[in-house]
Amino acid sequence: MVVRVALDIALGREFDYLVPSEWTDRVEVGTRVKVPFGARDLLGVVTSIHDQSDQPGLKPLRKVIGAQSLVTPKVLALARWIAGYYCCPLEVALKSVLPDAVRKEADGWRERLQVTCLSRPGDFPKLTARQDAVFRIVEEWRELPLQELLRLAETTPATVRKLEDLGLVRIAGKISERDPHANDVLVASRSLVLNSDQRTALDAITGAMDVAMAASKTAVETGEPAAADPAAMGGASQTFLLHGVTGSGKTEVYLQAMAHALERGRGAIVLVPEIALTPQTVERFKSRFSSGPLQTLVAVLHSHLSAGERHDEWHKIRQGRARIVIGARSAVFAPVDPLGLIVVDEEHEHSYKQEEAPRYHARDVAVVRGQREGAVVVLGSATPSLESYHNAVRKKYRLISLPNRATEMKLPVVRVIDMRQEQSRGGGPPPLFSNRLVEAITQRLERGEQTMLFLNRRGYSTSLQCRKCGYVAGCPNCSVSLTYHRNAQKLLCHICGHEERVPTKCPGADCGDPGIRFSGAGTERVEDTLTKRFPKARIRRMDSDTLKRKEDFRIILNEFRTGKIDILVGTQMIAKGLHFPNVTLVGIIHADLSLHLPDFRAGERTFQLLTQVSGRAGRGDVEGEVVVQSFTPFHPAIQYARRHDFLGFYDQEIEFRAQLGYPPFSRVALLTLRGRNEDKVKFGAEHLRRWLDEHASAWPGTIIAGPAPAPLARAESFYRYQLMLRSPRMSRLSKDLARLDEAVVLPDDLRLTIDIDPASLL
Ligand code: ADP
Ligand code: ZN
């Protein structure tokens, strides 16, 4: 038997090896193996099995790792699709598919020595005072890890061994699973009685699941994708877009759909944005499946797990003990088999797109995986992406709507405050808080209700400028200005982390004026101004500067939930998926911030952000209020968000996209070339452009723009130039772009990245 192996290092090709006869029944597609390669041994994954090979002089495998293949053949085929569509070698795609913790042979199951108390023999031996003290601890615990005992008893292994010799305890190796949520107390939850909209949604989903299961029983596994474009895969769609306002009960529909999958003997994956993967969210899923006939382990995958925890969660899934997986982006690859359902909650979130190779979009991968494995896919959002809603309009996805909140609660009242008016009244610079916002906060404090204030910019102020000569403190490595952090007393670059001392006079050439001024407020300044204005209020700030350790997020949210904080100030971190019944006021300090980004999705992002943030208000018994401060209050993104009018926003935005030929009317490939010498980068980019022009006839309808300096023209001392391709179809184009590295010879010190369906153009 011969196996083809993709090695862990990216060589862009696979290699054949002989399988010694005693191992043939341990090797299947997806098995991890160690193989000789040159002078070294390398790890890899078996990608196919053959009787013989046309490569001469094959070497045998060194080792077969683990009792079970780590990648299912289905997930392996998915990795191949990703490599093809997103222009990267298979080995790079496999890196995301198989987490590091699982691929590394060394990080296996952790075997820990456990000390167990044995019942006392009739004749209790005489113990020294020290032995007695140690034994009492074991007696109390009945069983505990040796390490723990040594720490508690401040003793040595020799003493414990002595107790073992006396027959009082047993020391034995046991596999102990690291469960990141081991200490959670779960209260079993039961299905709610659905309202009629939820019932309609659930019936559609479960109906499609039954059809898909029947069909996949008879389908022939070809192992090849039907088409490369996620949206181009057709047939009676089993992908749903669940458009439901915040609080409409989408999660309850997911839970009951998952229960249906379990009843039919299938598993489910739920993707949520990393930031929304809070203990609250996880608990909601765990408690539903913690008991009863559908009881199963729920595996949790996110980036804060230790390598060991990730390894254990992953194997729970692979062994079929955890049939429900909840996780961030990469959980879309979880080896659930057979798979019945994938839910992508907040499907419009940009964090589903991976910003390094493989640059996949987890929502689109979910849709492709669902098609291939006969699983139903539910994309849920209060503010669907233009792409997904357009797919629903074109009947590629099936649209289901939950237009009302599930409980009696009303959507909050949204007031848009024209900050230009506030500005002119006093004559001076615009205040940070409008009169209305100050009044509203005062009321909340009086009534003992909570407030969230949102500003998507950290630091104290965003730039430092000299009034006299116009000098702006900029980063020496990046084309951005430095942010002033008052607590740390530093000027900081948010791109590369460059730090500088805060100057007391203008450092500009021949200036030295002491009148340097800070402008553009960040969260630190909001906190500061609030503290002065409301000295009695309990105020906390939450942004990446205040979250130093991984528990901090949890701690602050807990304090907020238990009413120890009156006002929570934060960046987008506090915008998503959190549920606090006592929050009745949400203030958005500067709603225009995301509107003026040089990205065709700027309006869409602003609309989504405002709607999501507003959704935080009034989820309890009291009606909520949202105060939106803006300098462009009549911008459609702001006005439609004010009226909670997604369809209105969609209609005008889709018109704009159609006129300019932007997604969803095209697919974008973004090529970025980076290097330290600007002329070289520019020249290299022009060279790429010529190659693209020569081949353009193979991609009818494709528009090529650039090269031009990227919106972020310089980052970490690299100049950046971009070329943007907009094409009605991506499959052929991405296949050709994958060859670009070989086809166009560029100087060694230039780096090219290819981003298919980029989420951001910066
Ligand atoms: P979404 O996921 O759309 O934001 P949730 O599923 O969180 O909405 O539901 C919002 C609130 O409504 C939750 O407190 C939930 O328990 C409640 N809820 C959902 N469905 C029902 C129902 N059918 N009957 C009563 N309460 C419901
Ligand atoms: Zn910088």
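**Exercise 1. Describe how the protein holds ligand 1, beginning with Ser248.**

Solution. A backbone N or O atom of Ser248 is found 3.2 Å from an oxygen atom of ligand 1, which falls under the definition of a polar contact as a pair of N or O atoms within 3.5 Å. This is a predicted model, in which local features need pLDDT of at least 70 and side-chain atom pairs count only at pLDDT 80 or more, while totals for chains, interfaces and linings use all residues. Residues are numbered from 1 along each chain as its sequence is written, chains are lettered from A and ligands numbered from 1 in the order in which they are written, and side-chain values use heavy atoms, with hydrogens and water left out.

Next, take the side chains: a polar atom in that of Arg284 lies 2.9 Å from an oxygen atom of the ligand, and an N or O atom in that of Gln198 is 2.9 Å from a nitrogen atom of ligand 1. Of the 560 Å² of accessible area that ligand 1 has on its own, the protein covers 75% (Shrake-Rupley method, 1.4 Å probe).

Then turn to the shell, where 17 residues surround the ligand, a residue being near if one of its heavy atoms lies within 4 Å. Val193, Gln198, Gly247, Lys250 and Thr251 come nearest, and helix H8 (residues 250-263) gives the largest share, 3 residues. By class, the shell holds 5 nonpolar, 8 polar and 4 charged residues, with Gly counted as polar.

**Exercise 2. In what order do the strands of the open sheet of 5 strands stand, and which of them are at the edges?**

Solution. The order is E2-E1-E4-E3-E5, with antiparallel pairing; strands are DSSP runs of E with at least two residues, and helices are runs of H or I with at least four, while two strands pair if DSSP finds at least two bridges between them. Strand E2 (15-18) and strand E5 (63-65) each have a single partner strand, so one side of each is left without a neighbour in the sheet.

As a detail of the pairing, E1 (residues 2-7) and E2 are joined over 4 bridges, and Arg4 has Asp16 in E2 as its bridge partner.

**Exercise 3. Locate two cis peptide bonds, one ending at Pro358 and one at Pro664.**

Solution. The bond joining Ala357 and Pro358 has an omega of about -5 degrees, and Pro358 sits in the loop between strand E13 (339-345) and helix H11 (362-373). For the bond from Pro663 to Pro664, omega is near 5 degrees, and Pro664 belongs to the loop between helix H19 (646-660) and strand E27 (667-675).

Conventions
Polar contact = N/O pair within 3.5 Å; in protein donor to acceptor, adjacent residues only side chain to side chain.
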